[in-house]
Amino acid sequence: QVQLVESGGGLVQPGGSLRLSCAASGSGFIFGLATMAWYRQAPGKQRELVAAITIGGSASYADSMKGRFTISRDNAKNTVYLQMNSLKPEDTAVYYCNAKLGAVRVESYWGQGTQVTVSS
């Protein structure tokens, strides 16, 4: 079983920044073999992909986050980060960490989420 614990959410003014962290753990879990991602879900909306980072460190982003958000990983700390800059009110959502293992049979794990609120 894999446990993902997000932190770093909170209230920030428009134009501000936040850094989210997701610490991964679990018996037999090898963080370096997992594709990690951040998703978000705003009230009344579907969960959407924010950013993902592969085993090799290649990052990809949803169009609306490009240039503002940066995903990174520290395999030594079993942690993935999401640096969010130039935040907008529409970025308000619960942000979830996701880990995917495997290629043929994919195992997917979720954290409990952390609230990000962008408001003046």
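**Sheet, core and disulfide in a predicted model**

Strands S1 and S3 run antiparallel and are joined by five bridges. The structure described here is a predicted model, and this pairing is a convenient place from which to begin. Within it, Glu-6 has Cys-22 of S3 as its bridge partner. The two faces of S1 differ in their surroundings, for Leu-4 and Glu-6 make up a covered face, whereas Gln-3, Val-5 and Ser-7 make up an uncovered one.

On its other pairing, strand S3, which spans residues 18-25, meets strand S8, which spans residues 79-84, in the antiparallel sense and over six bridges. Here Ser-21 has Tyr-81 of S8 as its bridge partner. In general, the strands of a sheet pair through backbone hydrogen bonds, and the pairing may be either parallel or antiparallel. The pairs just described belong to an open sheet of four strands, arranged in the order S1-S3-S8-S7 with antiparallel pairing. Because strand S1 (3-7) and strand S7 (69-74) each have a single partner strand, they stand at the edges, and one side of each is left without a neighbour in the sheet. Neighbouring strands of this sheet are turned against each other by 15° on average, when direction is ignored.

The largest nonpolar core of the model has 31 residues, and those with the most contacts inside it are Leu-4, Met-36, Trp-38, Val-80, Leu-82, Met-84 and Tyr-95. The elements that give two or more residues to this core are S3, strand S4 (35-41), strand S5 (48-53), S7, S8, S9 and strand S11 (114-118). Of these, S9 gives the most, with five residues. Leu-4, which was met above on the covered face of S1, is in contact with residues from several stretches of the chain once its neighbours within four places in sequence are left aside; among them are Cys-22, Ala-23, Ala-24, Met-36, Cys-97, Asn-98, Tyr-109 and Trp-110.

Two of the residues touched by Leu-4, namely Cys-22 and Cys-97, also form a covalent link. The structure holds one disulfide, and this disulfide joins Cys-22 to Cys-97 with an S to S distance of 2.1 Å. The link is left-handed, with an angle of -80° about the S-S bond. It connects distant parts of the chain, since Cys-22 lies in strand S3 and Cys-97 in strand S9, 75 residues apart. Cys-22 has a relative accessibility of 0% and therefore counts as buried, and Cys-97, also at 0%, is likewise counted as buried.

Next to Cys-97 in the sequence comes Asn-98, whose place is in strand S9 (residues 93-101). With a relative accessible area of 0%, Asn-98 is buried. What does the side chain of Asn-98 reach? The side chain of Asn-98 reaches the backbone oxygen of Tyr-109, at a distance of 3.0 Å. Beyond its neighbours within four places in sequence, Asn-98 is in contact with Leu-4, Thr-35, Met-36, Ala-37, Tyr-39, Ser-108, Tyr-109 and Trp-110.

One of these contacts, Tyr-39, lies in strand S4. Although Tyr-39 and Asn-98 are 59 residues apart in sequence, their C-alpha atoms are 7.4 Å apart in space. Tyr-39 has a relative accessibility of 17% and so counts as buried, because the limit for a buried residue is under 20%. A polar contact of 3.5 Å joins the side chain of Tyr-39 to that of Lys-100. With its neighbours within four places in sequence left aside, the contacts of Tyr-39 include Arg-47, Glu-48, Leu-49 and Val-50, together with Val-94, Tyr-95, Tyr-96 and Trp-110.

Finally, two loop residues deserve notice for their backbone angles. Most residues other than glycine have a negative phi. Asn-78, however, has a positive phi of about 55° although it is not a glycine, and this residue lies in the loop between S7 and S8. Ser-86, in the loop between S8 and S9, likewise has a positive phi, near 50°. Where do these two residues stand between buried and exposed? Asn-78 is partly exposed, with a relative accessible area of 25%, and Ser-86 is also partly exposed, with a relative accessible area of 41%.

Note on methods. Residues numbered from 1 in each chain as written. Predicted model: local features only at pLDDT ≥ 70, side-chain atom pairs only at ≥ 80, totals over all residues. Heavy atoms only, no water. Pairing = 2+ DSSP bridges. Axes fitted to C-alpha atoms, helices over the stretch in contact; angles between N-to-C directions. Buried < 20%, exposed > 50% of the residue type's maximum accessible area, 1.4 Å probe, protein only. Polar contact = N/O pair within 3.5 Å; in protein donor to acceptor, adjacent residues only side chain to side chain. Contact = heavy atoms within 4.5 Å. Core = buried A, V, L, I, M, F, W, Y, C linked by side-chain atoms within 4.5 Å. Disulfide = S-S within 2.5 Å.
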